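Dear colleague,

Please find below the structure that I am handing over to you. My findings follow directly after it.

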Amino acid sequence: MTAYLKLDHIDKSFARGGQVSEVLRDIRLTIHKGEFVSIIGHSGCGKSTLLNLIAGLTKISAGAVLLEDKEVDSPGPERAVVFQNHSLLPWLTVYENINLAVSKVFGRSKSKAERHDWIMRNLDLVQMAHASDKRPAEISGGMKQRVGIARALAMEPKILLLDEPFGALDALTRAHLQDAVMDIHSRLGSTTIMITHDVDEAVLLSDRIVMMTNGPAATIGEVLPVPLARPRRRIELASDRTFLRCREAVLKFLYERHRFVEAAE
Amino acid sequence: MSIQAIEDTKVKAFPAKPAEVVAFTAKTRRRIDLVSIAGKVASALVPPAIVIALLLVVWQVACSSPTASLPPPSQVWNEAYDLIAHPFFDNGPQDIGLAWRVLISLQRVAIGFGMAAVVGVALGALVGQSVWAMRGLDPVFQILRTVPPLAWLPLSLAAFRDSNPSALFVIFITSIWPVIINTAVGVRNIPQDYRNVARILRLNQLEFFVKIMVPAAAPYIFTGLRIGIGLSWLAIVAAEMLTGGVGIGFFIWDAWNSSRLPDIIVALAYIGVTGFCLDRLVAAVGAFVTRGTTAK
């Protein structure tokens, strides 16, 4: 397999006043087409910053993000982001929120009827077609996040970036959404990068887990492949030895070798 | 935890039955609603009616002595009866009912305030978007906004050399500041998430303005518009002192010059009620337009 997305020696530092704080140092990672990669680390390790760098929302200090061998340094719909707090526009209905993205990305290439079908197909994909006329304030947190995923998918991105997409949800809703994301990933084969701090979530969803060391100047500590066959079922996996081994490896990394020291901040 | 969940569903399942019972009592409920609505209307109308009646009595007593400098309500009623009873009479070009005069003034305010709204939102967007425009322009705005409408008169006359555009300018310049300032605050408060969505979609400046900025800042914009329309109506008397003609503002100026105090008092009431209606109108439009924005 060839490299689809390449993070090439990325450094990121923020300058505030006269002080420069180095957040990320020498990030090197290659992601293949169709792969599902999770980035896990303690809070403050810069994993969200890394996602913003890939999305182009934050400028890289040194190094480059290469998508299909082309450098990308500004945001674009081919790297769609699902934000942690859904970021739906509250004055638009669910349908209109997705339409905003679809008419911008496919305004020229698809006819009006095709765009409508495309919006409905993506809403179907996240099982939200029934709420297309509702406003974000009228649906639950989990539903909002589903719509956020539909909006990102509707841009037909080359890479789907998930920024702690289930962080703000309760455990049951989170499990439902994880299943939905697994289902979508298996149907569309979308290349996905997910930021998370949930070990089970990372092992359940990922092909590879990228583990970050603690900041400042965080970097990739280890990359763990998850050799579990798909489709994966959470109940069967609960006693699966490979699953448990992967889970243990991540836990060991996070809590033994790179314990989070709050005083380090 | 699973037991908790089962209990929750049970509790939720129960209220389905009593709903039918409620449906049967719909008629009695509606009657009760009518009574309660009447009660609400009464509680809203009775206190102001009592206060107005009391004020009229006090006013009548205070101005009844022969040496009083202002007319009492009874004299206003008698001498200005035509103006009160017939708002829409039309006896030739200069002798028309106060409602016509209000409409003409409203037209003037509509033009002046309309321009202020458009320019104010555009300038406010600029000031809200750019830190440097903010730093440079905000102090200027804060000072200019305190200048009273009358003070703009000589300048605008000198600049335009014509009474009509000067009058519109006075309305414009009086009402634009709160629109600018509130829009700027609204734009500055647009959540970073919405900006990120716009950046990922690569919305251009115009699309961002129309699709994100205006709706996101709409509650602030309407607060500004509401204050602005109040101010523009305040400026109408000053503006029409310039233009003459048939507006309600000039009517007051004219009545003062011919010592018709009762007419002035009636005109004041007209202006007050109209201003109140304008305020409520903008507030209602704002509430309708921003119904989606305020709820998160």
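In this predicted model, the sulfur of A:C45 has its closest cysteine sulfur in A:C246, at 20 Å, which is too far for a bond. Seen from the other side, the sulfur of A:C246 likewise has its closest cysteine sulfur in A:C45, 20 Å away, and again this is too far for a bond. A disulfide is a covalent bond between the sulfur atoms of two cysteines, and the cut-off applied here is 2.5 Å between the sulfur atoms. A search of the whole structure accordingly finds zero disulfides over all chains. As for their surroundings, A:C45 is buried, with a relative accessible area of 1%, and A:C246 is buried as well, at 0%.

I turn next to the backbone of chain A. Most residues other than glycine have a negative phi, and most peptide bonds are trans. Which residues joined by a peptide bond depart from this in chain A, with omega about 0°? They are A:R230 and A:P231, which are joined by a cis peptide bond. A:P231 is placed in the loop between strand 10 (220–225) and helix 7 (234–237) of chain A.

Two residues deserve a note for their phi angles. A:Q127 is not a glycine, yet has a positive phi of about 55°. This residue belongs to the loop between helix 3 (112–125) and helix 4 (141–154) of chain A, and A:Q127 counts as exposed at 51% relative accessibility. A:E156, also not a glycine, has a positive phi of about 50°. A:E156 is found in the loop between helix 4 and strand 7 (159–163) of chain A. With a relative accessible area of 47%, A:E156 is partly exposed.

Helix 2 of chain A (residues 94–106) may also be of interest to you. Its 13 residues should span 18 Å at 1.5 Å a residue, and the end C-alpha atoms are 18 Å apart, which agrees. The buried residues in helix 2 of chain A are A:V94, A:Y95, A:N97, A:I98, A:L100, A:A101, A:V102 and A:F106. What covers them? The cover of the buried residues of helix 2 includes helix 3 and helix 4 of chain A, together with helix 11 (205–234) of chain B. A:F106 appears in a further arrangement: the charged end of A:K110 sits over its ring, 4.6 Å from the ring centre.

A comparable arrangement is present in chain B, where B:R135 lies over the face of B:W132, at 5.0 Å from the ring centre.

With regard to contacts between rings, a search of the whole structure finds eight aromatic pairs over all chains. One of them is the edge-to-face pair of B:W77 and B:Y81, with 5.5 Å from centre to centre and 70° between the planes. B:W77 is partly exposed, with a relative accessible area of 47%, and B:Y81 counts as partly exposed at 39%. Elsewhere in chain B, ring pairs link B:W152, B:F160, B:F169 and B:F172 into a cluster.

Finally, the domain assignment of chain B gives domain 1 (31–62) and domain 2 (79–290). The C-alpha centres of these two domains of chain B lie 31 Å apart.

With kind regards

Note on methods
Residues are numbered from 1 along each chain as its sequence is written. Chains are lettered from A and ligands numbered from 1 in the order in which they are written. This is a predicted model: local features need pLDDT of at least 70, side-chain atom pairs count only at pLDDT 80 or more; totals for chains, interfaces and linings use all residues. Side-chain values use heavy atoms; hydrogens and water are left out. Domain bounds come from an automatic or database domain assignment. Helices (H or I, at least four residues) and strands (E, at least two) are DSSP runs, numbered from the N terminus. Buried means under 20% relative accessible area, exposed over 50%, partly exposed in between (1.4 Å probe, protein chains only). The expected span of a helix is 1.5 Å times one less than its number of residues. Contact means heavy atoms within 4.5 Å. Rings of Phe, Tyr and Trp (its six-membered ring) pair if their centres lie within 6.5 Å; planes under 30 degrees apart count as stacked, over 60 as edge-to-face and the rest as tilted. A charge sits over a ring if NZ of Lys or CZ of Arg is within 6 Å of the ring centre and within 35 degrees of the ring normal.
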